Every structure is written in C-alpha cells, then in structure tokens.
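The following note sets out numbered points for a reader who is new to protein structures. Please read each point with the model at hand.

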Amino acid sequence: MTVSLPIGSTIGIIGGGQLGRMLSVAASRLGFRCHVYEPGATPPAGQVADQVTTAAYDDEDALRAFGGSVDVITYEFENIPTAALDILQNLAPIHPGREALRVSQDRLTEKAFLQELGLTTAPYADITDAQSLDAALAEIGTPSILKTRRFGYDGKGQARIMTPDDATQALADMQGAPAILEGFVDFSHEVSVIAARSVDGAVSAFDPGENVHSDGILRTTTVPARLTPGQRTDAVLIAARIANALNYVGVMGVELFVTPKGLIVNEIAPRVHNSGHWTQNGCAVDQFEQHIRAIAGWPLGDGQRHADVVMENLIGADMDRVPELAKTPDCALHLYGKADTKPGRKMGHVNHIKRA
Ligand code: ATP
Ligand code: MG
C-alpha cells in the first residue's frame, strides 16, 4: 500500500521560476508547505512559498540544510547538476526520479531512449566536430537542425542548416558544446501530452494541446488539438509508455510532431510544462495539483477537460495588454510577479475559456 504524505508536510522545490510558483500555489491549496531552492535573487516562487533558500547548486551546506528540511523533493527544471542530486537523494525522496532526469538532460540520451522504446523520433546523430557534422549531413541531409545536447530551452542553443554551406556557422554557434544533428521533421502541427503517473503506477493524461511557437518560444496552446481519435489515443499511449519505462512519479510533458506518417516524439520534459497551463481553467484538477498529488503519494485527481481553452503566453511587452485582458470576459489571468519586463521573457499567461 502506498503511504501518502501527511497534510502539513513540506515539499522542496528546486527552481523558483513561474513553474515553481504555480507548484507552490497548488501545494498550499492541498495544505502542504513549500521550501524553494533557487540561486537567483527574488524568485517568483519565493513570493508564495513558505521558505526560500537562496544558494548556488554547488553550495553543499545549503543543499544539506534544504534536503534536511523537506519531506519530498521535486523540481521545475531538468538541468540540476548531478552532484547536487547526489547529496539531496540521501536526505529525501526525489520525484520524478534520477532516471527521468538522466534521460531528459541530454538530447542524445533522450533520443536513444525513445527509439529503444520503439517510438519514432527525428533522425539524429552525435556531433563532436566538423568531420562528424559532415558525415551526419551526408546521411541525414538538409534541412536539419544542430542543437546543443544539454541546457537548451525556448529554442536556445539551436542552429538551422538549410544547405551544407550553413554547417560551419552552425557548428560555431554551438560554441564548442557537444551537439546533436536532427533531420528536419515536415510536420503539419505540434501537439503535446501532459501525463501524470502516481506512486502506485496509475497513469492519467490530460487532453493533448496544440502548440504554436514563434521565435522558438511557445505562444499558444489550444485544446482540443486537431487530432483524429486514433492520433489522440496514440499520443496518450506514447506518454504512458515513456512514463512507465521510467517508473515515473509526477507530471511529464511530451512534445509531438504530427505528420501524415504518424506522431513523432520531439522531446520530453520531466516536469510540469508550459503547454499544460490551460489545465488551470479547463480541468477540475490542473497539472500543478496533479504533480503535487503524484509526488505526495496521493491518488491522481480528475483531469478531464470541461471547456475549450486557448492558453496564450504573455511575453515581454504583452504585459501592456493586461488592463484590457482584465476587463475581458472568459479570460483568466495568471501573472508571475516578475519585476522586470524583458523582451522574450515569460511574464504570465492568459487562458481564454470557451465553455463547452
Ligand atoms: P522548448 O523549451 O520550447 O521546449 P527547446 O529549446 O527545448 O524548446 P525544441 O523543443 O527541441 O527546443 O525545439 C523548439 C521548436 O523548434 C520545436 O517546438 C519545433 O517547432 C522546432 N523544431 C525542433 N526540432 C525540430 C525538428 N527536428 N524538425 C522540425 N522542427 C523542429
Ligand atoms: Mg521543446
């Protein structure tokens, strides 16, 4: 039998951005306390959490104090240094577990893992230098995308190779970081599945959302997505297969390309995901609460969609629209409490609700 975390326990959250903030809010609604660990000053999650530790990820004393003060540890981003995890894992359970982090921290490991599961990915190759890039381009062809293996987000650390002439510049753009070449997938649109897996192995997925990016940043997620019933089932089964293979506990985002030949897995995120923010106003239990339930050993909640939603990210100067949006019916605003508005910075999001 699963032992669930008693109400009043403290959940440790690594990373204090907007995802950590919304996790803290969800945790507090269930009667938990949160302790956020974040190197940067004035983290958005710090405004709503019970406790904040401001320290670097290599500050061993701070990590030990943090780990000793919490009952379970989770995170809002996947690039936590291995040495920090080595310390923390002796102090409290970490959910999702180390294997999910190991696989998703490195695009090369991730692609190999997905293919081993029998899932389809873009063709890819490990790139270490100009020779391996030339060889990979001969095999995979153009257009293709060179990506750093680690630390990429919002389209950063990527260079498109439209013709072989672009190869030298693309490699220079990687600034010596290990990279992966991916063949360009000719997709009709992009969708993602937000799935949750509980401690006792139950899996529940939210309805897939359709994602539109611009300049490498997610702009909107729309539910329902344009998918046939068969594709919708495939999408959910893919997410469940990944979650089961990782013995996963928590919420995960799986990004998919929709092509005439079927669904192709782009990447997985071992955490709550921007494309799942619509669930806050489209479901009784949203992705943040679902994640807290899972890592606390609770049963998963009701994630059925009860409305059509368009989630729109408010990026940079989009914040100027807030007064207008605040007056608009069927609009739910979620602002992150970030002091400085910068171009390309996610400042909040708005869920436009169409009642079903
Ligand atoms: P995010 O943080 O938004 O998830 P990321 O930096 O991790 O982004 P990816 O998801 O790999 O990067 O790529 C960002 C976007 O670039 C994808 O959503 C897709 O639109 C496009 N893209 C990435 N890889 C490919 C590919 N192999 N073929 C076609 N388009 C791609
Ligand atoms: Mg992505």
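1. Three salt bridges are found across the interface of domain 1 and domain 3 in this predicted model. Side chains of opposite charge can pair when their charged atoms come close. In one salt bridge of the model, Arg 271 pairs with Glu 78, and their closest N and O atoms are 2.7 Å apart. Across the interface of domain 1 and domain 3 there are also six residue pairs in polar contact. Helix H1 (18-29) and strand E4 (72-75) each supply at least two residues of the side of domain 1 that touches domain 3. Of the elements on that side, H1 gives the most, with eight residues.

2. The division of the protein is as follows: domain 1 covers 10-94, domain 2 covers 123-183 and domain 3 covers 189-355. How far apart do the C-alpha centres of domain 1 and domain 3 lie? The distance is 22 Å. In the contact between these two domains, 19 residues belong to domain 1 and 21 residues to domain 3. The size of an interface is often given as the accessible area lost when the parts come together. For domain 1 and domain 3, about 1,800 Å² is buried between them, with 68% of it on carbon and sulfur atoms. Gln 18, Met 22 and Leu 30 supply 29% of the area that domain 1 buries against domain 3, more than any other three residues.

3. In the whole structure, the count of salt bridges comes to 22. One of them joins Asp 50 and Arg 33, with the closest N and O atoms 3.4 Å apart. Asp 50 lies in the loop between strand E2 (33-38) and strand E3 (51-54), while Arg 33 lies in strand E2, so the pair ties together parts that are 17 residues apart in sequence. Asp 50 is partly exposed at 47% relative accessibility, and Arg 33 is partly exposed at 44%.

4. A salt bridge within one helix is formed by Glu 60 and Arg 64, at 3.4 Å between the closest N and O atoms. Both residues lie in helix H2 (residues 60-69), four residues apart, which is about one turn of the helix. Glu 60 has a relative accessible area of 43% and is partly exposed; Arg 64, at 42%, is partly exposed.

5. Glu 210 and Arg 226 meet through their side chains in a salt bridge of 2.5 Å, N to O. This pair links distant parts of the chain, 16 residues apart: Glu 210 is in strand E11 (residues 209-214), and Arg 226 is in the loop between strand E12 (217-223) and helix H8 (229-245). Is each partner buried or exposed? Glu 210 is buried at 10% relative accessibility, whereas Arg 226 is exposed at 55%.

6. Arg 29, Asp 286, Glu 289 and Arg 293 are joined into one network by salt bridges that share partners. Arg 293 is found in helix H10 (residues 287-295) and is buried, at 16% relative accessibility. Beyond its neighbours within four places in sequence, Arg 293 is in contact with residues including Leu 30, Val 285 and Trp 298.

7. The structure holds zero disulfides. Why does Cys 283 form no such bond? The closest cysteine sulfur, in Cys 331, is 18 Å from the sulfur of Cys 283, which is too far for a bond. Cys 283 is buried, with a relative accessible area of 5%.

Key: Residues are numbered from 1 along each chain as its sequence is written. Chains are lettered from A and ligands numbered from 1 in the order in which they are written. This is a predicted model: local features need pLDDT of at least 70, side-chain atom pairs count only at pLDDT 80 or more; totals for chains, interfaces and linings use all residues. Side-chain values use heavy atoms; hydrogens and water are left out. A disulfide is a pair of cysteine sulfur atoms within 2.5 Å. Buried means under 20% relative accessible area, exposed over 50%, partly exposed in between (1.4 Å probe, protein chains only). Domain bounds come from an automatic or database domain assignment. Contact means heavy atoms within 4.5 Å. Buried area is the accessible area (1.4 Å probe) that two parts lose on being put together, summed over both. A salt bridge is a side-chain nitrogen of Lys or Arg within 4 Å of a carboxyl oxygen of Asp or Glu. A polar contact is a pair of N or O atoms within 3.5 Å; within protein, one must be able to donate a hydrogen and the other to accept it, and residues adjacent in sequence count only if both atoms are side-chain atoms.
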